[in-house]
Amino acid sequence: MDFASLVFYFLAAILLLAGLRVVTAKNPVHSALALVLTFFTAAGLWILLEAEFLAIALILVYVGAVMVLFIFVVMMLDINIEEMRKGFWDHLPLAGLVAGLMAVEMVMVLGGDRFGLSAPTAKPASYSNTRELGLLLYTDYVYAFELAAVILLVAIVAAIALTLRRNPNRKNIDPGWQSRQTAKGHIRMVNLKPQHPEYKEADE
Amino acid sequence: MDYLQQLLGPAWLPIWTLAKIIVIVLPLLIAVAYLTYAERKIIGYMQIRIGPNRVGFFGYRLIGLGQPIADAVKLMTKEIVLPTGADKPLFLLAPVLAIGPALAAWAVVPFTEDWVLANIDASLLYIMAITSMGVYGVIVAGWASNSKYAFLGAMRSAAQIVSYEIAMGFALVGVLMAAQSLNMVDIVNAQKGGFWQWYWLPLFPLFLVYLISGVAEINRAPFDVAEGESEIVAGFHLDYSGMAFAVFFLAEYANMILVSALTSILFLGGWLSPLPFLPDGFFWIAAKMSFVLFLFLWFRATFPRYRYDQIMRLGWKVFIPVTLIWILVIGGFMQTPLGYLFH
């Protein structure tokens, strides 16, 4: 067995164990952290496939941003895991069907030779798939790319619009206005004469 | 060396890589130790104090140069206290999650044109990905401690790091547009030609955004709300003691040195000399890193802590628009004959 397959089996074993922990862990925070480990090892597997841009993007986007916010929310919720496990047997047939379909799709992609798909060929060392991906995204697939971006933008605007509540009584503050304030116009210097009988002013 | 290579056979590559890792990590840890000393001395003089001046070597005081060693020995011999109700495995894992990315990022940092452990094509992306992992140490520590203060610190830090990462990422997009490469060696080589060719000048807004976001990313003053001692005691590492605390400390200072190295490489020309007739070399990058580190210490001694909503405003409403506009400016200029200004 060569070094690459050794690394593959090592990462795959961690990936499967972590994936299993995502659904079996009692504590939702442990589940979310196991999902982080799953993403990280998946990125390692993608690097083995020479897809370094996808692997790094997976870590940057999912591990570095999405999962952080996910954990942020999960930590603040008080989730009763027993309550969530109740419908397990009812949903099992549907879940099994989805899992089976996914397995069939994976077999068709990975066993591409038998289904008439051509297997990808190894690229030379000077091949930068970041550059190739950028060229493809901004030339051949630019409309699809822009559409996806617009859909995301709409989703962001919609999420903000849904959660924004106008409360007429709110005492909101404007940090911009606050940071622009100076003593001028807010402080009035008053020259008070001291009242103490023994006090003598310095210039007397 | 050829003889050793033959003797070790296939074991040569792992051993040689391990040796190179030690050559990077060991000086880094020593630099961390003496950065804490420099911080205490410099801030001390800025506040008209002397700073540590007692602990020396072999009976000589040597202006307190033994202080970091004494601190390290003290922290190593102290007990690690586990709080009641803490999530024990995660509590002990958190410092490891903090220091792992802080050290792993150094794998692609070039010190001179040849002194780089892994000269990979996507090194800038790698740095962004690895440094974005550092937040897990903070979050997991805050949650596993089972303490309200630690948890508040973790929440603050998570929101802050995620917000500033966006501005930082956009600043890096400007650099890679100007250099037309994601490889850090190529980025430095694209800045050849002296002081005025370094990217701090054509990308000045991005340079400022990167420097300030860098301070926010590593939770340093004036953005250290995650451990604001006047509000939430010590924030996420409140319940840590002994070596577990020291590892968080190490990670913070290693990240500080990393951000200073990245600022030097991306905006200050890395190992290039400021005047074209002087020789390039490791000396220059060390000098630039020391300058940026001095700036960080200076910030800490000068500015009061930001209020939390002001931090969020600065990140989202000031830095992100500034970087977006400057990326458009670079893109626009690159289509005109004036594009050479940005190369």
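**Exercise 1. A salt bridge on helix α2**

Task: In this predicted model, find which residue forms a salt bridge with D71(B), and state where the two partners lie and how far apart they are in sequence.

Solution. Step one is the contact itself: D71(B) pairs with R40(B) in a salt bridge whose closest N and O atoms are 3.0 Å apart, which falls within the 4 Å cut-off for such a pair. Step two places the partners, since D71(B) sits in helix α3 (residues 67-77) of chain B while R40(B) sits in helix α2 of chain B, so that the bridge links distant parts of the chain, 31 residues apart. Step three concerns exposure: D71(B) has a relative accessible area of 24% and is therefore partly exposed, and R40(B), with a relative accessible area of 38%, is likewise partly exposed, because the partly exposed class runs between under 20% for buried and over 50% for exposed.

**Exercise 2. The salt bridges of E39(B)**

Task: Work out which residues are joined with E39(B) into one network of salt bridges, and decide whether E39(B) is buried or exposed.

Solution. Begin with R220(B), which forms a salt bridge with E39(B), the closest N and O atoms being 2.8 Å apart. That pair links distant parts of the chain, for R220(B) belongs to the loop between α9 (204-217) and α10 (229-232) of chain B and E39(B) belongs to helix α2 (residues 12-46) of chain B, 181 residues apart. Both R220(B) and E39(B) are buried, and for E39(B) the class follows from a relative accessibility of 4%.

Next, take the salt bridge between the side chains of R300(B) and E39(B), with an N to O distance of 2.6 Å. Because R300(B) lies in helix α12 (residues 282-302) of chain B and E39(B) in helix α2 of chain B, this pair ties together parts that are 261 residues apart in sequence. R300(B) is partly exposed, its relative accessible area being 40%, whereas E39(B) is buried.

Finally, assemble the network: salt bridges that share partners join E39(B), R220(B), E252(B) and R300(B). For the wider count, the structure holds 6 salt bridges over all chains.

**Exercise 3. The surroundings of helix α5 of chain B**

Task: Explain why helix α5 (residues 123-131) of chain B is described as largely enclosed, and identify what covers its buried residues.

Solution. The argument starts from a count: 7 of the 9 residues of this helix are buried, and therefore the rest of the structure largely encloses it. The buried residues of α5(B) are S123(B), L124(B), L125(B), I127(B), M128(B), A129(B) and I130(B). Their cover includes elements from both chains, namely α3 (52-76) and α6 (129-138) of chain A, together with α4 (88-104), α7 (148-179), α8 and α11 (242-267) of chain B.

**Exercise 4. A patch of negative charge**

Task: Determine which residues gather in a patch of negative charge on the surface, and characterise D186(B) by its helix and its accessibility.

Solution. The patch brings together E113(B), D114(B), D121(B), D186(B) and D280(B). Of these, D186(B) is found in helix α8 (residues 184-189) of chain B, and because its relative accessibility is 37%, D186(B) counts as partly exposed.

**Exercise 5. An overview of chain A**

Task: State how many helices and strands chain A has, and what share of its residues is buried.

Solution. Chain A has 8 helices and 0 strands. Of its 204 residues, 18% are buried. Its accessible surface comes to about 16,800 Å², of which 68% belongs to carbon and sulfur atoms.

Conventions. Residues are numbered from 1 along each chain as its sequence is written. Chains are lettered from A and ligands numbered from 1 in the order in which they are written. This is a predicted model: local features need pLDDT of at least 70, side-chain atom pairs count only at pLDDT 80 or more; totals for chains, interfaces and linings use all residues. Side-chain values use heavy atoms; hydrogens and water are left out. Patches are made of residues with over 30% relative accessible area and no salt bridge: like charges are joined within 9 Å, nonpolar side chains (Val, Leu, Ile, Met, Phe, Trp, Tyr) within 5 Å. Accessible areas come from the Shrake-Rupley method with a 1.4 Å probe; for residues, only the protein chains shown count as cover. Lys and Arg count as positive and Asp and Glu as negative; His and the chain ends are not counted. The place of a charge is taken as NZ of Lys, CZ of Arg, CG of Asp or CD of Glu. Helices (H or I, at least four residues) and strands (E, at least two) are DSSP runs, numbered from the N terminus. Buried means under 20% relative accessible area, exposed over 50%, partly exposed in between (1.4 Å probe, protein chains only). Contact means heavy atoms within 4.5 Å.
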